[in-house]
Amino acid sequence: MKTKQYASHIILVLMSLIFLVPIWVIFASSTHTPETILNGGLQFFLGDNFLDTYRSVLFEKSGYTKHITVLQMIGNSLILALGFAVGKVIISSMAAYAIVYFRFRLASFLFWVIFLTLLLPLEVRIVPSFEVLAKLNLLNSYTGLIVPLIASATGTFFFRQFYKSIPDELLEAAKLDGANSWQFFIDILLPLSKTMMAALFIVMFIVGWNQYLWPIMMTTEPEYSTILLGIKEIYQSNFEGSYLPEFNRAFAMIILALIVPVLVVILFQRWFIKGLVDSEK
Amino acid sequence: MKKVQFNNRFIPYLFILPQISIIAIFFLWPSAMAVYYSFILEDAFGISSEFVWFENYKSVLLDSDYIASLGFTLIFSVLVTFFSLAIGLFLAYKTDKSIKQKGLYRGLFMWPYAIAPAVVGLMASFFFSQSNGDLYNFLNYLGWEFEPKSDPLSAQIMLIFVASWKQISVNFIFFLSGLQAIPKSIIEASLIDCKSSIKRFWTIIFPLLSPTTFFLLITNIVYAFFDTFGLIDTTTRGAPMGETKTLAYKIYQDGFLGADIGGSSAQSVLLMIFILVLTIFQFKYLEKKVHY
C-alpha cells in the first residue's frame with residue numbers, strides 16, 4: 001500500500017514537471033543575453049541579464065514593436081480583459097433575469113436567438129465580422145475590440161442556471177413586500193449573485209486576455225496592440241524574418257503574456273473553478 | 001422556468017435588449033452575410049458579383065485541399081480529445097486519491113488553462129526549432145528524423161502533442177470536480193464489494209463520471225476545431241504543404257489572406273452545419289439523461 005502511494009506521488013510530480021519545466025526554461029532563458037542563447041540554445045539556469053531584458057522590453061519602443069512599449073500592450077490587454085469580463089457579467093445577468101423571471105411573448109424566441117451564438121464561433125465568421133466592423137467605423141477602437149466578443153451565450157446560460165436554483169419563495173416574499181421588478185433585481189438578486197458574478201468575471205477575464213484572432217483582425221494601428229499581438233509579431237520575426245532574433249526579449253514577452261492570467265487563476269482558484277465548472281452545465 | 005414571475009409587457013425587453021442588440025449587430029448580421037456570400041461568386045477585383053447557387057459548395061467539396069484539411073481536422077481532434085481526456089482523467093483520479101496533497105496537485109495541474117494557445121504555440125516553436133530547439137535535438141538524438149518544417153508527419157505529431165498539453169488542464173479540472181461530487185457512501189460501499197481498484201474504477205467510478213466525460217468530449221472537439229487556431233498560427237501555419245491546416249484555419253487563410261470570399265463562406269456554412277449537428281446530438285443525450 002505504502003509503495004503504491006509513493007508511486008502515485010512520483011507520477012504526479014513528474015507529470016507536473018512536464019507543465020512547469022517549459023515555462024521555467026523560457027523564463028531562465030529570458031535572463032540571458034541573445035548571444036548565449038544563439039550559441040547555447042535554451043538555458044536551464046538563470047543568467048544575470050534579467051533587469052536589462054525586462055526593463056528594455058517593458059519600457060523601450062524598439063525591437064518587435066517599434067511604436068509601442070510592451071507595458072502599453074499589457075495595458076491594452078487589461079482593457080480588453082476587464083471590459084470584456086465586466087460587459088459580459090452585466091449583460092448576461094440582465095438577459096438571464098428577463099428570461100427566468102418574466103413571462104413575455106418573445107421569451108422563448110429570444111432565448112433561441114441567444115442560444116444560436118454557440119453555433120458559430122468567431123473563427124468561422126471572421127471575414128463578414130470584419131466587414132461589419134469596418135462599416136460601423138469601429139476598426140481600431142476599444143469598442144470594436146470588446147463589444148462583438150460579448151455576443152456569445154455562455155454567461156447568460158450561467159446566470160439562467162443560477163437564477164433557476166433560487167427558491168420561488170424569495171420572489172413571493174418580495175412581491176408581498178411590494179417590490180417591483182427593478183428593486184427585486186438590484187436589492188435582492190444581485191447581492192445574492194455576488195459569488196457567481198465574481199466566478200464568471202474571473203473566467204471571462206482570462207478568456208478576454210487570451211483573445212488572439214479578433215484583436216489581430218481588427219487592429220491595424222499599433223497603439224491598440226494587445227500582448228497576444230506581440231506574440232504573433234515575435235513568431236513572424238523569429239521564424240519568418242531574416243535578421244538576428246533577440247531571443248531574450250522574445251522569451252520575456254512570452255513570460256509577460258502568460259504571467260497575468262496564470263496569477264489570476266492561482267490567486268482566485270475557488271472562484272475560477274466555480275466559474276468554469278458551473279458555466280458549462 | 002419559474003412558477004412565480006413578473007407580468008410586465010415592457011420591462012423584460014429592457015433587460016434583454018443589450019444582449020440581443022449586440023447579437024443582432026455582431027453575430028446575426030455577419031452570419032447572414034456569410035450565408036449570402038456562400039452563394040456569390042466575385043471577380044478578382046470585387047467589382048461584379050454573380051449569384052451562383054451551390055457552385056461554391058461544389059468547388060469546396062471537390063477541392064482536394066479541403067478534403068485533406070477535413071481529414072487532418074478529424075484525426076487531429078480525435079487524437080487530441082483522446083489524449084487530453086485520458087491524461088486529464090488519470091491525473092484527476094490520482095489527485096483525488098491523495099488526500100493530503102490534493103490542493104497542491106490541483107494547483108499544479110490547473111494553471112496551464114490560463115495560457116493562451118498562441119503563447120503555447122510560440123513556446124513550442126522554440127522548443128521544436130531546428131536551430132537548437134531542445135526537443136528537436138532530443139528527438140533526433142533518439143534516432144527519429146524529426147523535421148516539422150519539411151516532414152508532414154513530424155509537424156502533425158508535434159501539433160497533437162502541443163494541443164493536448166494545453167488541453168489537459170481543462171479536463172483535469174472538470175474530472176476532479178466530477179470525482180468530488182461522487183457521494184462518499186458509494187465509494188465506501190464499493191470498497192467492501194470490490195477488492196481490485198482498477199475494476200472499481202471502470203465499473204463504478206467511470207460510469208458515474210459519464211455525464212462529465214460526455215460534456216468534455218464535445219468541449220474538446222470544439223477546442224480542437226476552433227481554439228487551436230492561435231496555436232497553429234504560431235507553430236506550423238498549415239505547413240509543410242497544408243498538411244496541418246484545420247478547417248477553421250483554412251477558412252481564415254482562404255478568406256482573409258486569399259480573398260476567396262465565396263469559397264471561405266461556403267466552408268463557414270459547412271462548419272456551422274457540423275456544429276449544429278453536434279449540438280443537437282448533445283441535447284438529445286442530455287434529455288435522455290434527465291429521464292432516468
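Among contacts in chain A between residues at least 6 apart in sequence, what percentage join residues at least 24 apart? The figure is 74%. Keep that in mind as you move through this predicted model.

**Stop 1: chain A**

Select chain A. You should find 15 helices and 0 strands. Along its principal axes, the C-alpha trace spans about 75 × 65 × 30 Å. Chain A has 281 residues, and 46% of them count as buried.

**Stop 2: chain B**

Switch to chain B. Here there are 13 helices and 2 strands. The C-alpha trace of chain B spans about 75 × 70 × 30 Å along its principal axes. Of its 292 residues, 41% count as buried. Take the contacts in chain B between residues at least 6 apart in sequence: 69% of them join residues at least 24 apart.

**Stop 3: the interface**

Show both chains. Contacts link 72 residues of chain A with 73 residues of chain B. Now colour the helices of chain A that each supply at least two residues to the side touching chain B. They are α1 (2-30), α4 (70-101), α5 (107-116), α6 (126-135), α9 (168-176), α13 (227-240), α14 (247-267) and α15 (269-279). Colour that side of chain A by residue class next. The split is 53 nonpolar, 11 polar and 8 charged residues.

**Stop 4: a helix pair across the interface**

Isolate α6(A) and helix α1 of chain B, residues 11-37. Their axes are 8 Å apart, and the packing angle is about 120 degrees. Angles from 65 to 115 degrees would count as roughly perpendicular, and those over 145 as roughly antiparallel. At about 120 degrees, α6(A) is therefore oblique to α1(B). The crossing of α6(A) past α1(B) is right-handed.

Show side chains for the pair:

- From α6(A), the contact uses Pro128(A), Ser129(A), Glu131(A) and Val132(A).
- From α1(B), it uses Phe26(B), Trp29(B), Pro30(B), Met33(B), Ala34(B) and Tyr37(B).

By class, the residues of this contact comprise 8 nonpolar, 1 polar and 1 charged.

**Stop 5: the largest nonpolar core**

Which residues touch the most other members of the largest nonpolar core? Select Ile231(A), Met253(A), Ile254(A), Ala257(A) and Val119(B). The core has 152 residues in total. Its top contributor is α4(A), which gives 15 residues.

Centre on Ala257(A). Leave aside its neighbours within four places in sequence. What remains in contact with Ala257(A) is Ile227(A), Leu228(A), Ile231(A), Ala116(B) and Val119(B). That list takes in residues from chain A and from chain B.

**Stop 6: a covered helix in chain B**

Follow Val119(B) into its helix, α5 of chain B. This helix covers residues 117-127 and is mostly covered, with 10 of its 11 residues buried. The buried residues are Pro117(B), Ala118(B), Val119(B), Val120(B), Gly121(B), Leu122(B), Met123(B), Ala124(B), Ser125(B) and Phe126(B).

What do the buried residues of α5(B) pack against? From chain A, show α1, α13 and α14. From chain B, add α7 (152-180), α10 (210-227) and α11 (229-233).

**Stop 7: one residue on each of two helices**

Go back to α13 of chain A and pick Glu233(A). Glu233(A) counts as partly exposed because it has 19 C-beta neighbours inside 10 Å, whereas buried status takes 20 or more. Draw a C-alpha distance from Glu233(A) to Ala250(A): the value is 9.6 Å, for residues 17 apart along the chain.

Then jump to α10 of chain B and pick Pro211(B). Pro211(B) is partly exposed, since 14 other C-beta atoms lie within 10 Å. Draw the C-alpha distance from Pro211(B) to Tyr285(B). They are 74 residues apart in sequence, but 9.3 Å apart in space.

**Stop 8: two positive phi angles**

Finish in the loops. Where is Asn140(A)? Look in the loop between α6 and α7 (142-146) of chain A. Phi of Asn140(A) is near 55 degrees, a positive value in a residue other than glycine. Asn140(A) is partly exposed, as 15 C-beta neighbours fall inside 10 Å.

In chain B, select Arg237(B), in the loop between α11 and α12 (247-257). Phi of Arg237(B) is near 55 degrees, and this residue is not glycine either. With 17 other C-beta atoms within 10 Å, Arg237(B) is partly exposed.

Key:
Residues are numbered from 1 along each chain as its sequence is written. Chains are lettered from A and ligands numbered from 1 in the order in which they are written. This is a predicted model: local features need pLDDT of at least 70, side-chain atom pairs count only at pLDDT 80 or more; totals for chains, interfaces and linings use all residues. Two residues are in contact if their C-beta atoms, placed from the backbone, lie within 7 Å. Helices (H or I, at least four residues) and strands (E, at least two) are DSSP runs, numbered from the N terminus. Ala, Val, Leu, Ile, Met, Phe, Trp, Tyr, Cys and Pro count as nonpolar, Asp, Glu, Lys and Arg as charged, and the others, Gly among them, as polar. A residue is buried if 20 or more other C-beta atoms lie within 10 Å of its own, exposed if 12 or fewer, and partly exposed in between; C-beta atoms are placed from the backbone. Axes are lines fitted to C-alpha atoms, for helices over the stretch in contact, and angles run from 0 to 180 degrees between N-to-C directions. Angles under 35 degrees count as roughly parallel, over 145 as roughly antiparallel, 65 to 115 as roughly perpendicular and the rest as oblique. A crossing is left-handed if the near helix is turned anticlockwise from the far one by less than a right angle, and right-handed if clockwise. A nonpolar core is a set of buried Ala, Val, Leu, Ile, Met, Phe, Trp, Tyr and Cys residues joined through C-beta atoms within 7 Å.
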